[in-house]
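User: Please take a close look at one part of this structure, the largest cavity, and describe what surrounds it.

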Amino acid sequence: MAKDYTDLAADIVAHVGGKENISSLKHCVTRLRFGLKDESKADTDYLKARDGVVTVVQAGGQYQVVIGNHVPDVYAAVQKVAGIAGDGSLDIDEGDGPKGNLFDRFVDLVAGVFQPSLGVLAAAGIIKGVVAILAATLGWNNTNSALYAILEAAGDGFFQFLPIVLGFNAARKFKMNEFTGMAIAMALVYPTLPTTLATLTEAGLNNVFGIPFVLPTAGSYLSTVIPVILAVWVASHIEKFMKKITPDVVKVFVVPFVTLIITVPLTFLVVGPVANYISDLLTAGFTAVMNFSPLVYGLLLGLLWQVMVMFGLHWALVPMAILEFSQNGSSVILAAALLPCFTQTGVLGAIILKTKEEKVKSVAMPAFISSIFGVTEPAIYGVTLPMKTPFYISCAVSAVVGAYVQAMNMTTYAFGAMGVFLFPGFVNPEGGTGDLMVALIGTAVALVASFVIQMMLPVPYLYGGPTEKK
């Protein structure tokens with residue numbers, strides 16, 4: 001039976017100054033967001049001490065009462081008690097407005113865009129792990145098992161078409177039409193575009209107004225993060241301008257038309273070339289460092305790998321690794337990038353043990369499981385990056401581990417596995433388990449060091465404080 005929050009709702013309404021003091025009401029993932037006519041009428045000290053309320057945050061012109069996971073139920077009770085309709089919308093911004101330096105604000109932005117879809121992201125990551133287990137233990141693949149093919153689609157589909165989800169979330173974040181944001185993302189992942197562009201390029205017809213039309217090094221925008229967020233941010237400004245100058249009678253279609261016809265070409269013609277240029281620079285830079293010192297190369301790659309993945313720049317090295325593997329049957333170029341997932345596992349384990357926030361535990365637990373299988377997006381975007389310090393710990397430990405495995409010339413003899421399924425690939429087909437031992441030692445260091453360091457440091461709050469009062 002659902003819990004009755006009528007008493008809590010009535011108390012909250014009374015102590016924000018009564019229903020006559022409420023001008024607006026929304027809720028986000030954990031907070032009631034009041035617009036109050038006069039915040040001085042609210043009894044903040046009482047609400048902070050009230051059982052059922054985590055804390056109160058006053059920021060961005062809002063009076064935010066932090067409730068916890070059950071905020072939708074409390075929101076509905078407040079609407080009923082106060083006799084206000086609200087708009088029932090979910091405000092996905094868990095932050096308190098722009099703050100800190102540019103990097104901190106960027107982190108808050110990316111984390112905020114991911115926040116609404118974290119549960120499904122973690123679930124898809126776990127399914128990917130299950131699929132990997134089926135492949136490793138039963139020999140299933142998408143050519144000999146229909147069930148495997150279905151589960152592979154269930155786990156991998158979300159990650160492949162992640163830009164569409166982010167397009168929707170980013171549109172909400174930037175206060176623009178969500179379906180316009182999705183339309184931009186759909187253009188980026190249009191399925192026949194890579195083939196079409198390859199044909200145009202071969203014929204020398206891939207220029208638009210003298211600007212080359214190219215895709216990222218990976219060949220498409222599938223699974224990317226930053227391009228769609230930047231595109232929707234640009235689109236939000238175009239949409240805002242068009243709303244001001246467009247007559248109401250044609251606004252419903254003219255505004256999205258102009259927004260799309262400007263934003264999509266701009267994204268393809270600017271983001272693509274810029275991404276490729278940066279990738280080429282990274283490729284040249286890492287190659288030079290590798291020739292200078294494998295240890296320094298491993299240190300840098302281990303430190304930067306998780307950040308590179310966030311920006312989609314890791315594709316600067318993946319083609320090199322594929323080429324090396326095709327020529328030699330083995331590869332060392334990405335050795336330092338193979339174990340950072342376990343540093344995420346380590347810090348998550350410490351966070352789960354130390355955090356007082358139940359919502360953090362509910363997000364961190366499935367992220368912990370998926371990280372074991374090498375899927376770290378739920379961990380990075382849902383927990384460690386928003387907290388910042390755990391992400392820094394993960395990158396620092398990855399740098400040390402990267403330097404170690406690269407200095408030991410750790411070699412992989414199989415390409416494409418992730419997480420715990422990496423280890424069979426370190427066994428030399430011609431005999432010898434030296435590389436496997438290096439990998440196991442590196443993994444142990446990654447897990448233990450990141451766990452211990454995080455256990456020694458405070459775990460930052462993400463949602464205002466403990467969700468249960470003792």
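Analyst: What follows describes the cavity, its lining and a helix that contributes to that lining.

The model is predicted. Its protein chain holds 18 helices and six strands, and the C-alpha trace spans about 75 × 60 × 45 Å along its principal axes. The radius of gyration is 25 Å, which agrees with the value near 23 Å for a compact globule of 470 residues.

A search of the whole structure finds one cavity of 30 Å³ or more. The space in this largest cavity comes to about 30 Å³. Its lining consists of A335, A336, L339, P340, S398, V401, G402 and V405. By class, six of the lining residues are nonpolar and two are polar, while no charged residue takes part. Helix 17, residues 389-407, gives the most to this lining, with four residues.

Helix 17 also packs against helix 12, which covers residues 294-311. The two axes come within 7 Å and cross at roughly 145°, and the crossing is right-handed. On the helix 12 side the contact includes P294, L295, Y297, G298, G302 and M310; on the helix 17 side, F391, S394, C395, S398, G402 and A407 are among the residues involved. This contact comprises 14 nonpolar and seven polar residues, with no charged ones.

Two residues of helix 17 link these descriptions: S398 and G402 line the largest cavity and also belong to the contact with helix 12.

Definitions and conventions:
Residues numbered from 1 in each chain as written. Predicted model: local features only at pLDDT ≥ 70, side-chain atom pairs only at ≥ 80, totals over all residues. Heavy atoms only, no water. 1 Å grid on protein atoms, 1.4 Å probe; cavity = no way out; pocket = protein on both sides within 12 Å on 5 of 7 lines; lining within 4 Å. Points joined across faces, edges and corners; volume = space filled by probe spheres on them. Helix = DSSP H or I, 4+ residues; strand = E, 2+ residues; numbered from the N terminus. Nonpolar A, V, L, I, M, F, W, Y, C, P; charged D, E, K, R; others polar. Axes fitted to C-alpha atoms, helices over the stretch in contact; angles between N-to-C directions. Left-handed = near helix turned anticlockwise from the far one by under 90°. Contact = heavy atoms within 4.5 Å. Rg over C-alpha atoms; globule rule 2.2 N^0.38 Å.
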